[in-house]
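This report covers the pockets, the nonpolar core and the aromatic pairs of one protein model. The structure comes first, then the text.

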Amino acid sequence: MKKVLCIGVAALVAGLVLHFGPAGFAEEEQEHGGDIIFTKPVKAVLFSHQTHIDQGLECDSCHDDPFEMAAGTAEENGDFTMEALYQGKYCGTCHDGETAFASNTRCAVCHIGVKGYNRLYKLSGEEGEGGHGE
């Protein structure tokens, strides 16, 4: 009887380890979208999901409004411009100067420019040229 009980406890522990082991922890540590590099209408703007998560935002803080879940979707919209941000769309939903710093301030926090894009992707100057959506 004691031997059966030990085998049962061992099986239970093994099941718990398999269920909550590395795979379970990996789910908790899943990527939250990583970095998004916008190249339109200007090259380039860096959006860090981690920075926003660190500020306490959840996925549904931005998805599906003001941003759809698929990367690049906003760039396909003709109104994805700084003017739209100033009017409270896209990043401007929060970057209004009250909720977060205003979109028309601290430009270099998000805008990495062509040089930053080239450094990020290890491109030479000619490959990465084309600032404003070119």
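For sorting pocket linings by class, Ala, Val, Leu, Ile, Met, Phe, Trp, Tyr, Cys and Pro count as nonpolar, Asp, Glu, Lys and Arg as charged, and the others, Gly among them, as polar. The model is a predicted one.

**Pockets**

On that scheme, the lining of the largest pocket consists of 21 nonpolar, 12 polar and 2 charged residues. The space in this largest pocket comes to about 750 Å³. Its lining has 35 residues, and those closest to the centre are Phe 47, His 52, Cys 91, His 95 and Cys 110. Strand E2 (45-48), helix H3 (49-54) and helix H4 (82-86) are the elements that give two or more residues to the lining of the largest pocket. E2 gives the most, with 4 residues.

The second largest pocket has 21 lining residues, and Ile 36, Phe 47, His 49, His 63 and Met 69 are the ones nearest its centre. Strand E1 (35-38) and H3 each contribute at least two residues to this lining, and the largest share, 3 residues, is that of H3. Phe 47 is thus listed near the centre of the largest pocket and also of the second largest pocket. The two pockets are set side by side below.

| Pocket | Volume | Lining by class |
|---|---|---|
| Largest pocket | about 750 Å³ | 21 nonpolar, 12 polar, 2 charged residues |
| Second largest pocket | about 370 Å³ | 12 nonpolar, 7 polar, 2 charged residues |

**Nonpolar core**

In soluble globular proteins, nonpolar side chains tend to be buried together. Here the largest nonpolar core has 11 residues, including Ile 36, Phe 38, Phe 47, Phe 67, Phe 80, Leu 85 and Tyr 90. E1, E2 and H4 are the elements that give two or more residues to this core.

Two members of the core can be followed through their contacts. Phe 38 lies in strand E1 and is buried, because its relative accessibility is 8% and the limit for buried is under 20%. Not counting residues up to four places away in sequence, Phe 38 touches Ala 44, Val 45, Phe 47, Phe 67, Glu 75 and Phe 80. With neighbours within four places in sequence left aside, Leu 85 is in contact with Tyr 90, Cys 91, Gly 92 and Ser 103.

**Aromatic pairs**

How many aromatic pairs does a search of the whole structure find? The search gives 6 aromatic pairs. In the pair of Phe 80 and Tyr 90, the ring centres are 4.9 Å apart and the planes stand at 85°, so this pair is edge-to-face. Phe 80 belongs to the loop between H3 and H4, and Tyr 90 to the loop between H4 and helix H5 (113-121), so the pair ties together parts that are 10 residues apart in sequence. Both Phe 80 and Tyr 90 are buried.

Tyr 117 and Tyr 121 form a tilted pair, with 4.8 Å centre to centre and 50° between the planes. These two tyrosines are about one helical turn from each other because they lie 4 residues apart in helix H5. Is each ring's residue buried or partly exposed? Tyr 117 is buried, at a relative accessible area of 16%, whereas Tyr 121 is partly exposed, at 43%.

Ring pairs also join Phe 38, Phe 67, Phe 80 and Tyr 90 into a cluster. Phe 38 and Tyr 117 are 79 residues apart along the chain, and their C-alpha atoms are separated by 9.8 Å.

Conventions:
Residues numbered from 1 in each chain as written. Predicted model: local features only at pLDDT ≥ 70, side-chain atom pairs only at ≥ 80, totals over all residues. Heavy atoms only, no water. 1 Å grid on protein atoms, 1.4 Å probe; cavity = no way out; pocket = protein on both sides within 12 Å on 5 of 7 lines; lining within 4 Å. Points joined across faces, edges and corners; volume = space filled by probe spheres on them. Core = buried A, V, L, I, M, F, W, Y, C linked by side-chain atoms within 4.5 Å. Buried < 20%, exposed > 50% of the residue type's maximum accessible area, 1.4 Å probe, protein only. Contact = heavy atoms within 4.5 Å. Phe/Tyr/Trp six-rings, centres within 6.5 Å; stacked < 30°, edge-to-face > 60°.
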